[in-house]
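Colleague: I am new to this structure and would be grateful for a close look at a single part of it. Please choose one residue as a starting point and describe it and its surroundings in a connected account.

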Amino acid sequence: MFEKLVEIICNYVEVEPGNVHSESRFMEDLGFTSFDFMSMLGELEDVFDVEIDQQEASEIRTVQEAADYLTKLSEK
C-alpha cells in the first residue's frame, strides 16, 4: 500500500520516489497545493476502491497518516 501511495504522490509533484518518506508532510515537504491534494484523494478513492471522508482527510498531514487511513478504510 505504501509503495503504491508513493507512486501516486509522484504523479502530482516533482519528487523522486526515494525522497518520499513516511514522515514527509504533503504541503511543507512535498510541495502539494490544496488542489493537488484534493485531486490525489480522488485518484486514491479510485485506485483503492474506498470512500474518503473530506473532514477526516483534512487532518492528514504526512504520507504515513495517509497510508494508515487508507489501510483503515480498505479493512472496512
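Modeller: Let us begin with D36, which is in contact with Y12, V13 and G31 once its neighbours within four places in sequence are left aside. Please bear in mind that the model is predicted. D36 belongs to helix α2, which covers residues 34-48. Although D36 carries a charge that could be paired, this acidic residue is buried and has no salt bridge. The nearest side chain of opposite charge is that of R61, and it is 15 Å away. A salt bridge would require a side-chain nitrogen within 4 Å of a carboxyl oxygen.

The charged pairs that do form should be set beside D36. The count of salt bridges comes to two. In one of them, the side chains of E7 and K4 meet with 3.1 Å between N and O. Both E7 and K4 lie in helix α1, three residues apart, which is about one turn of the helix. E7 is partly exposed, because its relative accessible area is 45%. K4 also counts as partly exposed, because its relative accessibility is 33%. The other bridge joins R25 to D29, with their closest N and O atoms 3.0 Å apart. Here R25 has a relative accessible area of 37% and is therefore partly exposed, and D29, at 42%, is likewise counted as partly exposed. D36, by contrast, is buried and without a salt bridge.

Helix α2 also takes part in the aromatic pairing of this model. The count of aromatic pairs comes to three. The rings of F26 and F32 have centres 5.2 Å apart and planes at 90°, so this pair is edge-to-face. Both F26 and F32 are buried. F26 pairs with F37 as well, again edge-to-face, with 5.1 Å from centre to centre and 65° between the planes. Because F26 lies in the loop between α1 (2-12) and α2 while F37 lies in helix α2, this pair ties together parts that are eleven residues apart in sequence. F26 has a relative accessible area of 2% and is therefore buried; F37, at 6%, counts as buried too. Taken together, F26, F32 and F37 form one aromatic cluster.

F26 leads on to the nonpolar interior. The largest nonpolar core has 26 residues, and those with the most contacts inside it are I9, F26, L30, L44 and I52. The elements that give two or more residues to this core are α1, α2 and α4 (63-74). The largest share, six residues, comes from α4. From the side of α1, the buried residues are L5, V6, I8, I9 and C10, and what covers them includes α2 and α4. I52 shows what one well-connected core residue meets: beyond residues up to four places away in sequence, I52 touches L41, L44, E45, A57, Y69, L70 and L73.

F26 is also met by a residue from a later loop. T62 lies in the loop between α3 and α4, and at 14% relative accessibility T62 counts as buried, because the limit for that term is 20%. Apart from its neighbours within four places in sequence, T62 is in contact with S22, E23, S24, R25 and F26. The contacts of T62 thus include R25, which forms the salt bridge with D29, and F26, which belongs to the aromatic cluster.

Finally, there is D49, another aspartate to set beside D36. D49 is found in the loop between α2 and α3 (54-57). Whereas D36 is buried, D49 is exposed, because its relative accessible area is 69%. Its backbone also deserves a remark. Most residues other than glycine have a negative phi. D49 has a positive phi of about 55°, although it is not a glycine. D49 and I9 are 40 residues apart in sequence, and their C-alpha atoms are 17 Å apart in space.

Terms used. Residues are numbered from 1 along each chain as its sequence is written. This is a predicted model: local features need pLDDT of at least 70, side-chain atom pairs count only at pLDDT 80 or more; totals for chains, interfaces and linings use all residues. Side-chain values use heavy atoms; hydrogens and water are left out. Helices (H or I, at least four residues) and strands (E, at least two) are DSSP runs, numbered from the N terminus. Buried means under 20% relative accessible area, exposed over 50%, partly exposed in between (1.4 Å probe, protein chains only). Lys and Arg count as positive and Asp and Glu as negative; His and the chain ends are not counted. Contact means heavy atoms within 4.5 Å. Rings of Phe, Tyr and Trp (its six-membered ring) pair if their centres lie within 6.5 Å; planes under 30 degrees apart count as stacked, over 60 as edge-to-face and the rest as tilted. A nonpolar core is a set of buried Ala, Val, Leu, Ile, Met, Phe, Trp, Tyr and Cys residues joined through side-chain atoms within 4.5 Å.
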